[in-house]
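Here are a few exercises to work through with the model open. Try each one before reading on to its solution.

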Amino acid sequence: MTSETDAKQIADAAPRPAAGGRAASAPLLGRATEPTIFELSQPGRRSVQLLTTGVPEWPVDELVPVEHRRDVPVRLAEVSERDLVGHFTRLSHRQFSVDLGAYPLGSCTMKYNPKICDAVAVLPGLAAVHPGAPASLTQGWLSLLVELEEVLCAITGMAAATLQPAAGAAGELTGLLLMRAFHAANGEQRHRVIIPDSAHGTNPASVTLGGYEVTTVPSDERGCVDMGALREVLDTDVAGIMLTNPNTLGLFEEEIAEIAAAVHEVGGLLYYDGANLNAILGVVRPGDMGFDIVHMNLHKTFATPHGGGGPGAGPVAVSERLVDFLPGPRPVRRLGGVSEGNTFSPSEFAWVEPSRSIGRVHSWHGNALVLARALTYILVHGSDGLQRVAERAVLNANWLRVRLAGVFDVPFDRPCMHEVVLSASTLRKEHSVKALDVAKRLLEEGFHSPTVYFPLIVDEALMIEPTETESLQTLEALADALEAIVVEARSGDQSAWAAPRTTPVSRIDEARAARTLVATFDARR
Amino acid sequence: MADYLPHTDEEIAAMLAFLGLSHLDELFDSVPEALRLAGGLRFAEGAPEPDVLAHIEQLADANRARGDRLVCFAGGGAYDHEVPPVVRALAGRSEFVTSYTPYQPEVAQGVLQAVFEFQTMVARLAGLPVANASLYDGSNALVEAVNLGVAASGRRTVWVSTGVHPHWRAVLATFAAGTGHELIEIPLHEGQTVWPGDDGGPGGTPGVLVAGYPNYLGCLEDLGEARRRCDGYGAMLVATADPVAAGIVRSPGDWGADVVVGEGQPLGTGLGFGGPYLGLFACTMAQVRRLPGRLVGETVDTEGRRAYVTTLRAREQDIRREKATSNVCTNQTLMAVTAAIQLGWLGTAGLAEVALRCARGTRYLREALLELDGVSPLTGNSPVVREFALRCAVPAPVVIERMADQGFLAGLALSDLIGGDDDGSVSPDDASHGLLVAVTERRTRAELDAYVAALDKAVRG
């Protein structure tokens with residue numbers, strides 16, 4: 001065995017990486033075009049193997065009446081298992097991911113996804129449980145859901161939550177329907193919901209589906225809701241306001257208490273879009289800011305993997321006066337229920353329909369395995385760890401803000417929260433290199449790009465959210481890469497226009513995709 | 001103290017110094033003091049992974065209905081199909097798992113191409129030319145389909161067969177509170193929808209008809225009847241379909257459905273207590289610009305190489321905001337990729353074989369059960385292919401509890417699904433005594449025989 005001293009000597013002697021933690025995934029991504037699985041197909045080839053069951057083998061014409069019988073089989077690819085593995089593995093090599101490198105995509109909180117959560121999601125006692133099994137046979141699941149609801153309420157400062165919404169936007173619409181039901185119960189029909197001009201696009205889309213009209217309020221010169229403009233649009237026709245805090249500029253709405261008072265004054269409700277909850281864990285709670293309805297994006301804040309675009313989970317927590325309206329059925333801990341150590345009384349947990357429920361918003365109980373992952377993440381971190389998460393996320397974003405201040409424009413030059421919004425406006429004006437070019441050029445350096453052109457109120461926006469799981473060395477490498485791109489552009493080098501060149505494909509003709517729509521293999525001309 | 005944070009104390013000090021700060025607390029100076037959470041969050045401090053895993057394992061152990069303890073005969077949109085190791089291995093690749101929406105398509109060709117292949121497969125299953133990149137689940141796909149149907153027909157009256165899954169109808173009703181659609185539930189008789197006569201029905205001329213194929217009681221219905229009515233009313237036909245049954249039954253698109261939605265869980269996703277699942281959505285080309293959510297299209301890069309990208313983006317919320325066709329952003333992409341892999345594994349013959357085996361097991365079990373005293377048919381002679389409803393002599397919840405003691409998850413109680421006793425799909429008495437039983441290709445003849453023997457006991461007084 002090596003002694004600690006020996007180990008230290010070895011470590012000291014080893015060459016130090018130039019920028020430890022730097023992602024270098026671009027050269028690893030596969031560059032050869034991969035045929036579709038349909039082009040790999042050979043009739044008669046197969047990989048399927050099914051259990052021997054001994055069930056009588058009636059032919060299909062004895063099982064399905066002719067008018068319902070399929071006359072031509074569904075054409076699918078016919079490949080060997082080896083080809084199947086090769087195809088999807090090669091496709092995976094053409095895909096950037098958090099596990100490959102830094103992914104500072106603003107507003108998406110692309111933090112590291114701990115592998116312990118993968119282990120939880122495949123436990124047979126969770127993964128192989130039918131959602132329609134009665135509560136008496138699923139006490140463990142109900143207990144898990146109740147535990148998650150309780151801890152989410154502690155984090156947000158709310159009274160109760162529904163875990164059904166499958167993503168943030170589903171949570172938004174659920175929240176708006178809660179708003180609607182609340183006002184209706186008070187005998188009121190209100191028509192408008194206020195949204196700041198910096199809001200995510202899902203907010204206005206959800207408002208429309210909730211049966212409301214959008215009233216937009218502008219941001220002031222400090223990047224926050226313009227209080228004067230807000231007071232002008234507030235009246236008793238306003239059902240509520242949807243806010244993200246910190247907002248999409250990465251700035252804390254310092255006047256949130258005044259906003260809450262003004263909205264409550266006219267009988268409106270405050271909806272908290274939890275997209276940016278990561279910034280404030282353990283520091284301040286939406287409930288304490290005056291919010292009535294809060295959605296969380298568990299795939300952002302609580303690190304459940306984003307899956308290439310989902311699944312997520314968008315639980316909605318509410319204040320006391322909205323609890324009776326929550327979607328049902330809700331898992332609840334029965335009063336007087338007995339739980340001793342590891343043994344569950346079969347009736348300790350039950351499904352209950354809230355008295356004035358807006359109804360179901362999911363086929364079953366929500367994205368249950370995502371919920372189990374999130375609980376695992378929360379329990380590992382605990383109350384102390386979640387606060388560290390917020391601190392490190394904000395520390396990282398501010399470090400980048402100061403480091404890049406002379407490199408890009410900083411439209412709102414004051415301390416930010418978990419993300420910083422920069423602008424390539426000057427770069428575009430003086431050197432014709434746009435935010436999009438910077439994003440594409442950065443891909444060549446092995447980083448995922450920041451979010452670009454959002455929020456809409458910032459010209460040539462670059463929205464950078466490093467997250468707390470990236471190291472100082474990675475931040476340095478990211479900043480160096482961004483700075484080098486700008487220096488290159490200022491020197492008259494127009495490489496960025498042609499970027500990316502080292503990625504699996506170069507810049508894509510998006511207009512052609514829309515013009516000559518080919519959305520299936522069969523639509524190829 | 002447990003976390004995944006890389007910062008050393010020295011680095012934190014250096015970073016703070018770089019910012020001109022001396023303490024982490026100062027990072028939050030913009031948060032008004034009066035709002036700050038004094039004393040931090042009030043729940044347990046962090047625990048190392050093994051401690052947490054042990055706790056979650058305890059919870060998992062408390063689920064009696066897990067598949068390795070109770071043999072699963074429950075369905076209702078969630079089925080115990082084979083998901084082989086090869087599919088789990090590929091779908092679990094971290095490139096697919098830990099990426100996000102392909103906002104930078106040049107480094108997201110893997111997910112984009114897999115979704116393109118998925119769209120192709122779903123379109124073929126549905127018998128329609130185009131399918132989207134996924135929605136949350138079957139019920140939410142139905143909500144989007146009805147929104148599309150109302151927009152296309154210009155009429156808010158929607159006739160919904162009560163053969164549509166009761167939970168899905170409940171979700172439709174929830175969201176109709178916001179959209180203002182008028183939902184009118186149409187009753188079933190012996191498992192077949194009884195559409196109103198040609199003199200019209202309640203609520204004026206419908207803009208959308210919704211029917212299940214098979215319906216939630218497992219029955220195949222004459223969709224041609226619904227199509228003829230749609231033609232008469234100028235209405236859109238929305239069909240809910242099962243992607244495995246589609247291996248041997250006609251595509252709803254072949255019957256003339258304008259939109260086909262379904263629950264994609266049977267395509268490679270485990271039971272998982274109801275999620276994450278996968279909403280399937282396919283429609284005619286005439287409606288493609290009303291399609292909800294993401295759509296992947298094929299194009300080329302600057303060097304003429306084949307490439308994929310999300311397209312027709314002008315429909316979507318981040319571009320169109322309050323005028324978008326849907327508010328969907330994050331969907332169920334990983335489940336869509338999984339479905340593409342599962343369908344790749346099944347192949348043309350495999351999908352048909354799985355569907356056929358389900359139908360064989362269904363027939364074998366149903367015939368044997370109907371021989372028992374205390375068991376009677378609930379849907380007349382309606383054809384069934386992957387699940388069926390029975391009337392038991394004792395209430396179904398009691399049957400399920402008794403069968404659990406014999407090692408079976410016997411099925412779903414209709415009263416639990418309906419959440420009451422009278423929804424028009426079955427009579428109140430059938431609802432309380434109705435048991436919905438599903439048989440997949442994973443059930444052996446020995447299990448079916450043992451189930452029959454156990455149910456014989458369970459339905460006695």
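**Exercise 1.** How much area is buried between chain B and chain A, and what percentage of it do carbon and sulfur atoms give?

Solution. Keep in mind from the start that this is a predicted model.

- Start with the area: about 16,800 Å² is buried between the two chains, and carbon and sulfur atoms account for 64% of that.
- Next, look at who pays for it on one side. B:Glu106, B:Arg124 and B:Phe273 lose the most area to chain A within chain B, yet together they make up 6% of what that side buries.
- Now count residues: 189 from chain B are in contact with 204 from chain A.

**Exercise 2.** Work out the polar side of this interface, then find which helix of chain B gives the largest share of the residues touching chain A.

Solution.

- Begin with charges: six salt bridges turn up across the interface of chain B and chain A.
- Pick out a salt bridge to look at: B:Arg124 and A:Asp522 meet through their side chains, at 2.7 Å from N to O. With a cut-off of 4 Å for a salt bridge, that pair qualifies.
- Widen the search to polar contacts, and you get 95 residue pairs with both partners at pLDDT 80 or more.
- As for the helix, it's H11 of chain B (residues 333-370), with 23 residues on the side that touches chain A.
- Sort that side of chain B by class and you have 99 nonpolar, 52 polar and 38 charged residues.

**Exercise 3.** Take chain B apart into its domains and describe how they meet.

Solution.

- Set the bounds: domain 1 of chain B covers 71-82 + 349-458, while domain 2 covers 87-340.
- Place them: their C-alpha centres are 27 Å apart.
- Check the contact: 34 residues of domain 1 of chain B touch 29 of domain 2 of chain B.
- Get the area: the two domains bury about 2,400 Å² between them, with 64% on carbon and sulfur atoms. On the domain 1 side, B:Leu351, B:Val385 and B:Leu417 lose the most, together 20% of what that side buries.
- Add the polar part: there are two salt bridges between these domains, and B:Asp423 with B:Arg169 forms a salt bridge whose closest N and O atoms are 2.7 Å apart. Polar contacts come to ten residue pairs, both at pLDDT 80 or more.
- Finish with the elements: H11, strand E14 (387-392) and helix H13 (414-418) of chain B each bring at least two residues to the domain 1 side. H11(B) has the largest share there, seven residues.

**Exercise 4.** Why do strands E12 and E13 of chain A each have one side without a neighbour in the sheet?

Solution.

- Write down the order: this open sheet of three strands in chain A runs E12-E14-E13, with antiparallel pairing.
- Read off the edges: E12 (420-423) and E13 (451-452) of chain A each have a single partner strand, so one side of each stays free of a neighbour in the sheet.
- Zoom in on a pairing: two bridges join E13(A) to E14 (residues 461-464) of chain A, and A:Val452 sits opposite A:Leu462 in E14(A).

**Exercise 5.** Which backbone oddities can you find in the loops?

Solution.

- In chain A, the peptide bond between A:Asn245 and A:Pro246 is cis, with omega about 0°. A:Pro246 is in the loop between strand E4 (238-243) and helix H9 (256-265) of chain A.
- In chain B, B:Tyr213 to B:Pro214 is a cis bond too, with omega near -5°. B:Pro214 lies in the loop between strand E7 (208-213) and helix H8 (223-233) of chain B.
- Finally, A:Thr109 isn't a glycine, yet its phi is positive, about 50°.

Key. Residues numbered from 1 in each chain as written. Chains lettered and ligands numbered in written order. Predicted model: local features only at pLDDT ≥ 70, side-chain atom pairs only at ≥ 80, totals over all residues. Heavy atoms only, no water. Contact = heavy atoms within 4.5 Å. Buried area = accessible area lost by both parts, 1.4 Å probe. Polar contact = N/O pair within 3.5 Å; in protein donor to acceptor, adjacent residues only side chain to side chain. Helix = DSSP H or I, 4+ residues; strand = E, 2+ residues; numbered from the N terminus. Nonpolar A, V, L, I, M, F, W, Y, C, P; charged D, E, K, R; others polar. Pairing = 2+ DSSP bridges. Domains from an automatic or database assignment.
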